[in-house]
Amino acid sequence: MKIEPRLHHCCQNIVKGHLNDVVELYKLLNFGIVYNPGKNAGWIMVGQKQLDFAIQIAEVSDTPILNINIKKQTHIAFISNNPKDLIKKVQLWAENKGFKFRHGGWSEIELFFDLPDIFINSVIEVMDTSILNS
């Protein structure tokens with residue numbers, strides 16, 4: 001069965017100058033580059049091989065939202081067998097790069113992390129696979 005329309009991509013805004021850093025972050029989450037418009041475009045698309053869906057990462061001139069209660073209302077969500085380990089892996093990566101990192105959760109199985117100086121208006125959520133059984 002062919003679905004019409006089909007979901008294709010969403011866009012995540014980031015601070016200018018951090019495109020390569022965010023691509024590196026997504027590589028930790030098993031993403032690869034699926035489309036590169038070329039030098040100086042200010043954006044790129046990343047995705048996972050098994051999905052026909054991408055995240056467009058776009059550098060913009062906006063200032064990051066600092067209030068985490070507002071910022072976490074918009075998020076990109078992942079499912080993981082071990083969200084805490086995945087977030088710890090990202091935290092270690094961020095600290096090694098010298099980036100600010102913060103994390104929290106809505107529950108024990110619905111967690112999020114933020115790179116507050118890079119992500120403009122969203123965070124990344126990581127949910128335990130048990131959420132699928134709810």
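**Exercise 1. Find which residues form one aromatic cluster with Y26, then describe the Y26 and F31 pair.**

Y26, F31 and F78 form one aromatic cluster. Keep in mind as you work that this is a predicted model.

Step 1: Start with the whole structure, where a search finds six aromatic pairs.

Step 2: Take Y26 and F31. Their ring centres lie 5.0 Å apart and their planes meet at 55°, so this pair is tilted. The reasoning rests on two cut-offs: planes under 30 degrees apart count as stacked, and those over 60 as edge-to-face.

Step 3: Check the surroundings. Y26 and F31 are both buried.

**Exercise 2. Work out how the rings of W106 and F112 are arranged, and whether each residue is buried or partly exposed.**

Step 1: Recall what you need to look up. A pair of aromatic rings is described by the distance of the centres and the angle of the planes.

Step 2: For W106 and F112, the centres are 5.1 Å apart and the planes are at 55°, so this pair is tilted.

Step 3: Now look at accessibility. W106 has a relative accessible area of 36%, so W106 is partly exposed. F112 has 5% relative accessibility and therefore counts as buried; the cut-off for buried is under 20%.

**Exercise 3. Place β7 among its partner strands.**

Step 1: Begin with β6. This strand pairs with β7 in the antiparallel sense over four bridges, and a hairpin of four residues connects β6 to β7. To find the register, look for G105, which stands opposite L111 in β7.

Step 2: Turn to β8. β7 and β8 run antiparallel and are joined by four bridges. Here F112 stands opposite E125 in β8.

Step 3: Ask how covered the strand is. Four of the five residues of β7 are buried, leaving the strand mostly covered.

**Exercise 4. Test the length of helix α3 and decide which of its residues are buried.**

Step 1: Helix α3 holds 15 residues (residues 83-97). At 1.5 Å a residue they should span 21 Å, and the end C-alpha atoms are 21 Å apart, so the two values agree.

Step 2: List the buried residues of α3: P83, L86, I87, V90, Q91, W93 and A94. They cover an arc of only 165° around the axis, which means that they sit on the same side of α3.

Step 3: Look at the other side of α3, where D85 and N96 are exposed.

Step 4: Name the neighbours. The buried residues of α3 pack against α1 (19-28), β5 (75-80), β6 (102-105), β7 (110-114) and β8 (123-128).

Step 5: Finish just past the helix. G98 follows α3 and has a positive phi, near 80°.

Notes. Residues numbered from 1 in each chain as written. Predicted model: local features only at pLDDT ≥ 70, side-chain atom pairs only at ≥ 80, totals over all residues. Heavy atoms only, no water. Helix = DSSP H or I, 4+ residues; strand = E, 2+ residues; numbered from the N terminus. Expected span 1.5 Å × (residues − 1). Buried < 20%, exposed > 50% of the residue type's maximum accessible area, 1.4 Å probe, protein only. Arc of directions from axis to C-beta. Contact = heavy atoms within 4.5 Å. Pairing = 2+ DSSP bridges. Phe/Tyr/Trp six-rings, centres within 6.5 Å; stacked < 30°, edge-to-face > 60°.
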